[in-house]
Amino acid sequence: MLNWFSSVVRLINGEQEIGRSRGFWICAFAVAVGLIVLPRFVSAYALLNYSYIISMVFLALGLCLIWGFAGILSLGQAAFLGLAGYAYGVVGINLSQSGTTYLALIAGLMVPTLFAAVLSYVMFYARVKGVYVAIMMLVVTLLFETFLNQTAGPQWHIGVASLGGNNGLGRFSGAIHEPPSITLGLGSRLIEFSGQSVAFYYLEVGLLIAIYLCLRALVNSRFGLILAAIREDGARVESFGYDVRAIQLVVFCLGAALAALSGILYVSWGNFITPSVFGVTNNILPVIWVAVGGRKSLTATVISTVVLTWLSQRFAIQGEYAFVVMGALLVVVMMLRPEGLITSFGGRKTSASPPLSPGSSHDGR
Amino acid sequence: MMGGDREAILQITSLRKSFGGVRAVDGVDLVLGCGELCCIIGPNGAGKSTLFQLLSGQILPTTGKIVFDGKDVTFAHPFERARSGIAVKVQSLGIFQDLTVDHNLRIPLMRRLSPREMPKAIDDLLRQVGLQGLNSVNARELSHGQKQWLALGMALAMRPKLLLLDEPTAGMSSEETRLTTEIIRASNAQGSAVVVIEHDMAFVRELRAPVIVLHLGRIFFRGTFSEVEENEEVRHLYLGTRNRFKSSDLPTR
């Protein structure tokens, strides 16, 4: 039991990720405690904003995984976010009598993930590479936006959920139904996680901590090592007997599932979704969050997504300067710190250290 | 000479590869027995590297057939060839510079070993290629020769039936070349058949293996190294007494 525990700890604290010192974990624990007590100290409106910010972190983590760790840049992650939002919304609206939203959650996760599986099969088995994957994804997401924008007519409905054209699903579309909040439970004991509620915020914080730790373990696992190798030289990895296409497909689906989680949280947070979620800004912003923090680190991605989304909201109050500022930030960081701000200052593992025996990797840097 | 009494591990039959109008490999026939060692040499543009890539599966032939270990692998994917027992060491190093030496070796080893067996296997391999104690050094920090040995170690980690080496001593000093020769001989003694594609004649001499001379995509001559050296035509062709082959004396790339 203890043995098992220590190997999990070693996996989470492996060297493919920054933040491995005692000091880091003390800070991380403090941040977790801070997140838990936060609702006592802020207004309901501020909490609503923080819930939105956290919901976007999963989208960024998905991009960090496929781009930073596996070397696949996608400019269309919002396709999975939007698809998840619509799938969750459509199923949720149709099954609103059932009380719980389990089926909507499953649809919201499965539809984008299966779509990603089909798409990545086509791309990776046809040897589409590099910038072409990025562009194909952007085209895919814009196609969704264009298609959904023209679904205003009454003929565009799935069950009782009318797709609503550019008004989307929700109270603005004139339809009676809006996507439900996440509702879990059994029989009459139901918990509704409405977007304004503290429960929704805690659900997100719990998911964030769990997924962050799982992803750390993943990137330090054997699978993560193969990803790092593929990022550097996929052809060479193949020459050792690995089917790189299949590995890329799996990691691409994982990235899509994380984007889908953001999509579900987003639509159940605001109880609406419009085709604009598929748009250019939603696809480029995650790239900025991940690149500015440091694409090769989950920790950097979480921090920079939270900080930059928070900053965007501040700037948004002054007018539409936020995107200009974000774009300028990306350009400056890429010129001065191409590996990202947090990873360059946070001390990526250095290699000048003396040889250590394998396993004695618990040095704090 | 080759593939005579032993069971053949590799059979190449009238292999051709054209790039546009150029026939880079133009009808090569070759049989290699289990555990045999052979060197393929030739001047620049002889088709050595194309032949290597046809064998490793990075490119596919126009016509012809490659049978490895009784299986037709002519159009097999590189990872399928690797799984059936072909290990390659490409010319461009082919190590993962972002990873430590230890992690580099884990990548080929993970396919056949459990995590428990890993540390010992890694140490054994490092000793075999003369990199002992460098487990947690970043591959980027190694010297050029050490990088080449690491790449060789990664190929050996697969316990291949056939080891394909493209210019394994490129850029090495003569002392490093000698050590590389020993590593290759040792792995050959352990049962791997080895095909070395080479430009450096000193190294070929040291390896004392049967030699195939490739010229304009065809097998021009086969024999021992001394036979190759004594053959007037090969000397003219390869050693550059004809002006148009002069550049071939220089190391490629």
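Colleague: How many residues of chain A are in contact with chain B, and how many of chain B with chain A?
Modeller: Keep in mind that this is a predicted model. Here contact means heavy atoms within 4.5 Å. Going by that cut-off, the two sides come to 27 residues of chain A and 35 residues of chain B.

Colleague: Which three residues supply the most of the area that chain A buries against chain B?
Modeller: Start with the whole area buried between chain A and chain B, about 2,700 Å², of which carbon and sulfur atoms give 58%. Of the area that chain A buries there, one trio supplies 25%, more than any other three residues. That trio is A:Arg222, A:Arg236 and A:Phe240.

Colleague: Which helix gives the most to the side of chain A that touches chain B?
Modeller: Across this interface, nine residue pairs are in polar contact, with both residues at pLDDT 80 or more. On the chain A side, one helix puts in eleven residues, and no element gives more. By class, that side has eleven nonpolar, four polar and twelve charged residues. The helix you're after covers residues 222-238 and is α8.

Colleague: What is the count of salt bridges between chain A and chain B, and who are the partners?
Modeller: Side chains of opposite charge can pair when their charged atoms come close. Over all chains the count comes to 15 salt bridges, but between chain A and chain B it is one. Its N to O distance is 4.0 Å, and the partners are A:Lys296 and B:Asp98.

Colleague: Why does that pair join two chains?
Modeller: Look at where each partner sits. B:Asp98 is in the loop between β6 (86-89) and α3 (101-109) of chain B, while A:Lys296 is in the loop between α10 (280-293) and α11 (298-318) of chain A, so the pair joins two chains.

Colleague: Is A:Lys296 buried or exposed?
Modeller: Buried means under 20% relative accessible area. Its partner B:Asp98 has 23%, so B:Asp98 counts as partly exposed. A:Lys296 has 15%, which means A:Lys296 is buried.

Colleague: How far apart in sequence are B:Arg178 and B:Glu175, and what does that make in helical turns?
Modeller: Their side chains meet in a salt bridge at 3.0 Å, N to O. B:Arg178, at 31% relative accessibility, is partly exposed, and B:Glu175, at 43%, is partly exposed too. Both belong to helix α6 (residues 174-189) of chain B, and being three residues apart there, they are separated by about one helical turn.

Colleague: Which residues do salt bridges that share partners join into one network?
Modeller: We've already met A:Lys296 and B:Asp98 as a salt bridge pair. Shared partners link that pair up with others. The network is A:Lys296, A:Glu339, B:Asp98 and B:Arg140.

Colleague: Which backbone oxygens does the side chain of A:Arg20 reach?
Modeller: A:Arg20 lies in the loop between α1 (2-12) and α2 (22-37) of chain A. Its relative accessible area is 11%, so A:Arg20 is buried. One backbone oxygen lies 3.1 Å from a polar atom of this side chain, and it belongs to A:Asn13. The side chain reaches another at 3.4 Å, the backbone oxygen of A:Gly14.

Colleague: Where in chain B is the pLDDT below 50?
Modeller: The mean pLDDT of chain B is 87, and 91% of its residues reach 70 or more. One stretch is below 50, though in the model it has 24 contacts beyond near neighbours in sequence. That stretch is residues 241-253.

How values were computed
Residues numbered from 1 in each chain as written. Chains lettered and ligands numbered in written order. Heavy atoms only, no water. Buried area = accessible area lost by both parts, 1.4 Å probe. Polar contact = N/O pair within 3.5 Å; in protein donor to acceptor, adjacent residues only side chain to side chain. Helix = DSSP H or I, 4+ residues; strand = E, 2+ residues; numbered from the N terminus. Nonpolar A, V, L, I, M, F, W, Y, C, P; charged D, E, K, R; others polar. Buried < 20%, exposed > 50% of the residue type's maximum accessible area, 1.4 Å probe, protein only. pLDDT = per-residue confidence, 0-100.
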